[in-house]
Amino acid sequence: MTTDVTGQTRQKTVTWQDPLPTARLGREMSGLDYLTGIAEGRIPPAPISAHFGMRWVSVAEGDVVIAATPDESLYNPIGTVHGGVAATLLDSAVACAVHSTLPAGIGYTSVELKVNYLRAISGSVGEIRAHGWVVKAGSRVAFAEGDIRDGQGKVLATASSTCLIVKP
């Protein structure tokens with residue numbers, strides 16, 4: 001907890017559930033079933049969701065939309081939402097789009113993420129949505145793209161990603 005220059009202290013509480021049992025459950029389900037369970041609230045989301053206030057909007061095979069409403073607790077030193085927040089939202093959306101195409105027992109990991117920041121994001125922007133979609137699914141590598149848009153549909157950032165498909 002810190003004090004700002006006006007003496008006003010601000011605080012944000014983050015709570016989450018132990019992610020390891022959820023991750024084990026995820027290995028027993030198809031990616032689409034697992035992510036649908038998270039989106040519907042039957043399965044706890046990853047802890048990172050709590051940090052950024054991420055909410056699941058939609059999950060379909062090869063297509064995921066995640067929303068968040070950034071606030072000043074996510075600001076960088078120059079007074080805008082840190083670029084890492086946009087990168088995290090985009091990485092989540094594009095990687096989960098890949099995950100939604102995988103059968104039970106098959107995993108993935110991001111090996112490359114390229115983000116283009118097109119507009120600054122501030123705490124006053126309201127809800128933003130990160131949309132990820134699979135461009136090419138493969139047996140060893142998958143490619144996905146995504147974008148973040150504000151409530152008026154303006155593109156704030158874009159991404160492309162490569163995910164390694166991990167087999168047991």
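Hi everyone. Let me start with one pair of residues: Asp 63 stands opposite Trp 133 in E4. That pair belongs to the joint between E2 and E4, which run antiparallel and are joined by six bridges. Before I go on, please keep in mind that this is a predicted model.

So, what is the overall layout? The protein has four helices and six strands. Reading from the N terminus, the elements run α-α-α-β-β-α-β-β-β-β.

Now the sheet. What is the order of its six strands? They go E1-E2-E4-E5-E6-E3, in an open sheet with antiparallel pairing. Strand E1, residues 55-60, and strand E3, residues 107-117, stand at the edges; each has a single partner strand, so one side of each is left without a neighbour in the sheet. From one strand to the next, the twist averages 20°.

Let's walk in from the E1 edge. E1 pairs with strand E2, residues 63-68, in the antiparallel sense, over five bridges. Two of the bridge partners in E2 are easy to look up: Ala 67 for Arg 55, and Asp 63 for Ala 60. So Asp 63, our opening residue, has Ala 60 as a bridge partner and also stands opposite Trp 133 in E4. The hairpin of E1 and E2 has two residues between the strands, and Gly 62 there takes a positive phi near 80°. E2 itself is mostly covered, with five of its six residues buried.

What packs on this sheet? Helix H4, residues 83-99, does, and it touches E1, E2, E3, strand E4 (128-136), strand E5 (141-149) and strand E6 (155-166). The direction of H4 makes about 135° with that of E3.

That brings me to the interior. As a general point, nonpolar side chains in soluble globular proteins tend to be buried together. Here, the largest nonpolar core has 29 residues, and those with the most contacts inside it are Trp 56, Leu 89 and Ile 148. Which elements give two or more residues to this core? They are helix H2 (31-39), E2, H4, E4 and E6. H4 supplies the largest share, eight residues.

Have a look at Trp 56 while you have the structure up. Not counting residues up to four places away in sequence, Trp 56 touches Leu 35, Ile 38, Ala 39, Pro 45, Val 64, Val 65, Ile 66 and Cys 96. Apart from the 29-residue core lies another core, of eight residues, among them Val 94, Val 98, Ala 142 and Ala 144.

Next, helix H2. Its buried residues are Gly 31, Tyr 34, Leu 35, Gly 37 and Ile 38. Why do they line one face of the helix? Seen down the axis of H2, they fall within an arc of 155°, so they sit along one face. What covers them includes helix H1 (19-27), E1 and H4. After H2 comes Gly 41, whose phi is positive, near 85°.

H2 also holds Asp 33. Is Asp 33 buried or exposed? Neither, strictly: Asp 33 is partly exposed, with a relative accessible area of 43%. Between Asp 33 and Phe 52 there are 23 Å in space, C-alpha to C-alpha, and the two are 19 residues apart in sequence.

For H1, I'd like to point you to Thr 22, which lies in that helix. Thr 22 is buried, with a relative accessible area of 11%. Leaving aside neighbours within four places in sequence, Thr 22 is in contact with Tyr 34, Ile 43 and Pro 44. Tyr 34 is one of the buried residues of H2.

Let me finish by stepping back to the whole chain. A compact globule of 168 residues would have a radius of gyration near 15 Å; the protein has 17 Å, which agrees. Along the principal axes, the C-alpha atoms fill a box of roughly 55 × 35 × 25 Å. How many of the residues are buried? Of the 168, 35% count as buried. As for contacts with a separation of 6 or more, 61% come from residues 24 or more positions apart.

That's my tour. Thanks, everyone!

Definitions and conventions:
Residues are numbered from 1 along each chain as its sequence is written. This is a predicted model: local features need pLDDT of at least 70, side-chain atom pairs count only at pLDDT 80 or more; totals for chains, interfaces and linings use all residues. Side-chain values use heavy atoms; hydrogens and water are left out. Two strands pair if DSSP finds at least two bridges between them. Axes are lines fitted to C-alpha atoms, for helices over the stretch in contact, and angles run from 0 to 180 degrees between N-to-C directions. Contact means heavy atoms within 4.5 Å. A nonpolar core is a set of buried Ala, Val, Leu, Ile, Met, Phe, Trp, Tyr and Cys residues joined through side-chain atoms within 4.5 Å. Buried means under 20% relative accessible area, exposed over 50%, partly exposed in between (1.4 Å probe, protein chains only). The arc is that of the directions from the helix axis to the C-beta atoms. The radius of gyration is taken over C-alpha atoms; the globule rule is 2.2 Å times the number of residues to the power 0.38.
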